Amino acid sequence: RAKEHKELVNQLKKGDEVITSAGILGKVVSLDEQYIKVSLAEGIEINMQKSAVTTVLPKGTLKAL
């Protein structure tokens, strides 16, 4: 399970729609080795650790909500 999570985190890229361990949904705006910037809504972005991402959603999921 840990290996699968590590692969998921390593494959993150700009534009991915994600769910974090805290249940926050957002779109990846930028990323580096340890941190990602996630857009929650127009003009609202937060920085978080990559390891906080638990799921990558299919494209367009956020617009459907």
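Student: What kind of contact joins the side chains of D16 and K59?

Tutor: In this predicted model, a polar contact of 3.4 Å joins those two side chains, and that distance is called a polar contact because it falls within the 3.5 Å allowed for a pair of N or O atoms.

Student: What makes the pair of D16 and K59 a salt bridge as well?

Tutor: The closest N and O atoms of D16 and K59 are 3.4 Å apart, and since a salt bridge asks for a side-chain nitrogen of Lys or Arg within 4 Å of a carboxyl oxygen of Asp or Glu, the pair of D16 and K59 meets the criterion. This salt bridge links distant parts of the chain, with D16 in the loop between helix 1 and strand 1 and K59 in the loop between strand 5 and helix 2 (61-64), 43 residues apart.

Student: How many salt bridges does the whole structure hold, and which residues are linked in a network?

Tutor: A search of the whole structure gives two; K13 also forms a salt bridge with D16, with the closest N and O atoms 3.3 Å apart, and K13, D16 and K59 are thereby linked in a network of salt bridges.

Student: Why is D16 called buried, and how are K13 and K59 classed?

Tutor: The relative accessible area of D16 is 5%, and because buried means under 20%, D16 is placed in that class. K13, at 47%, counts as partly exposed, while K59, at 58%, lies over the 50% limit and therefore counts as exposed. Leaving aside neighbours within four places in sequence, D16 is in contact with Q11, G26, K27, V28, V56 and K59.

Student: What makes K50 a contrasting case, and how far away is the nearest side chain of opposite charge?

Tutor: K50, found in the loop between strand 4 (44-49) and strand 5 (53-57), is buried yet has no salt bridge. The nearest side chain of opposite charge, that of E33, is 6.0 Å away, and as the cut-off is 4 Å, the pair of K50 and E33 does not qualify. The side chain of K50 does reach the backbone oxygen of D32 at 3.1 Å, and, beyond neighbours within four places in sequence, K50 is in contact with residues including V9, L31, E33 and Y35.

Student: Why are strand 4 and strand 5 said to stand at the edges of the sheet?

Tutor: The open sheet has five strands in the order 4-3-2-1-5, with antiparallel pairing; strand 4 and strand 5 each have a single partner strand, so one side of each is left without a neighbour in the sheet. The twist averages 45° from one strand to the next.

Student: How do you know that strand 1 and strand 2 are paired, and over how many bridges?

Tutor: Pairing requires at least two bridges, and strand 1 and strand 2 (residues 25-31) share three in the antiparallel sense, so the requirement is met. V18 stands opposite G26 in strand 2.

Student: Why is L40 called partly exposed?

Tutor: L40, in strand 3 (residues 35-41), has a relative accessible area of 35%, and because that value lies between the 20% and 50% limits, L40 is called partly exposed. Apart from neighbours within four places in sequence, L40 is in contact with I24, L25 and I46, whereas the C-alpha atoms of L40 and G23, 17 residues apart along the chain, are separated by 12 Å.

Note on methods. Residues numbered from 1 in each chain as written. Predicted model: local features only at pLDDT ≥ 70, side-chain atom pairs only at ≥ 80, totals over all residues. Heavy atoms only, no water. Helix = DSSP H or I, 4+ residues; strand = E, 2+ residues; numbered from the N terminus. Buried < 20%, exposed > 50% of the residue type's maximum accessible area, 1.4 Å probe, protein only. Lys, Arg positive; Asp, Glu negative; His and termini not counted. Polar contact = N/O pair within 3.5 Å; in protein donor to acceptor, adjacent residues only side chain to side chain. Contact = heavy atoms within 4.5 Å. Axes fitted to C-alpha atoms, helices over the stretch in contact; angles between N-to-C directions.
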